[in-house]
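Got your viewer open? Let's take a short walk, starting with the outside and then heading in.

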Amino acid sequence: MENITIKDTIIIDIGNSHINLKNIYSKYIIVKSAGLNSVNFLENSTVENLIINTTNPVKINAGDNSNIKIDNIILAPTSNTLEKSTILLDGDFSNSNIIVENSLALICGDNFKTNKPIIINLKDNINQLNFSGIFLSVPKIIAYGNMVIIGNTQNPPISLKIELESEEASNISLKGNLLTSDIIFNSSAIVNCDANIGNIQIKNSAKEIDMNVSSTTSFNSIKNDAILDLEGEENLLNTVISNTHNTPNGSVLIKALQQIINFTNGQGSSTIKISKSGNFSFTVKVLAKNNKRVINDNLTVTII
């Protein structure tokens, strides 16, 4: 398609096919379907609003040409699975505003460029975001709302930087391979970690972060300028704390400590040291032949 001016809307619905767009102008282009071989923008093309509403994977490519101008790109795939909600961006989108509105798997290609932050402004209560590819040219991703952030294990994101914002405490889950990623909390959140994570930064504006850490989680470092409440297995939390750097305003509190005791011939013991006064609850559970049995569901101890 070339040499066309449309003052309203172009709808692209071509199944798994490929399309080149050259020397076109349109106020709106809505992509309903196309293939991973791409919707390819070529020279002298101007689009005010590019909206991706696909139900299958699609690639959006901008050729290396300064005459390509796409003002706003809205990523809002409508599939109910992440695999089918894959969007691959490649080429020069330096001056485009990129906004994510639905769950998706976002891949940044080798030649992807942008000078502006990618904005994630999610509409649903439960959203999944799977990241892969090279994010070196992305200044940062600013994300609003509750979400599951996944680093693709086969093609992990490189140099991903996400800042999390919310007017209320958000629910955040971190999963997969985020080893070269920076996760920055600008507001309070309840966080579940089951990932290999590069760096976490907790800003003072976050006030308090409630973090549950699974046994398979790892961090390079945590820089903390707020209150960090931790919950998890004792040995892992000791490692997390040793890799946490608190500013004068930062502090780490243990919300729940899990201990694993190995019993031999019916013998075993555990010692828990408590250094502060207050009320503490203990739950003792025994795992025998895959059956978890609660011995005492709420043993409360008061330290005066």
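Turn on the surface first: about 16200 Å² of the protein is accessible, and carbon and sulfur atoms account for 45% of that. Keep in mind as you click around that this is a predicted model.

Now switch to cartoon view. You should be able to pick out 1 helix and 24 strands. Of the 304 residues in the protein, 41% are buried. If you like drawing contacts, take those between residues at least 6 apart in sequence: 27% of them join residues at least 24 apart.

Next stop, the inside. Nonpolar side chains in soluble globular proteins tend to be buried together. Here, the largest nonpolar core has 67 residues. Which of its residues touch the most other members? Select Leu174 and Phe185, because those are the two, counting side-chain atoms within 4.5 Å. Then colour strand β17, residues 189–202: with 7 residues, this strand gives the core its largest share.

Stay with Phe185 and show what surrounds it. Skipping neighbours within four places in sequence, you'll find Phe185 in contact with Leu164, Ile172, Val191, Ile200, Gln201, Ile202, Lys203, Ala206 and Ile209.

Last, a pair of cysteines. Are Cys108 and Cys193 buried or exposed? Cys108 has 2% relative accessibility, so it counts as buried. Cys193, at 3% relative accessible area, is buried as well, because the cut-off is under 20%. And if you go hunting for disulfides, a search of the whole structure turns up 0.

Key. Residues numbered from 1 in each chain as written. Predicted model: local features only at pLDDT ≥ 70, side-chain atom pairs only at ≥ 80, totals over all residues. Heavy atoms only, no water. Buried < 20%, exposed > 50% of the residue type's maximum accessible area, 1.4 Å probe, protein only. Helix = DSSP H or I, 4+ residues; strand = E, 2+ residues; numbered from the N terminus. Contact = heavy atoms within 4.5 Å. Disulfide = S-S within 2.5 Å. Areas by Shrake-Rupley, 256 points an atom, 1.4 Å probe, with all protein chains shown as cover.
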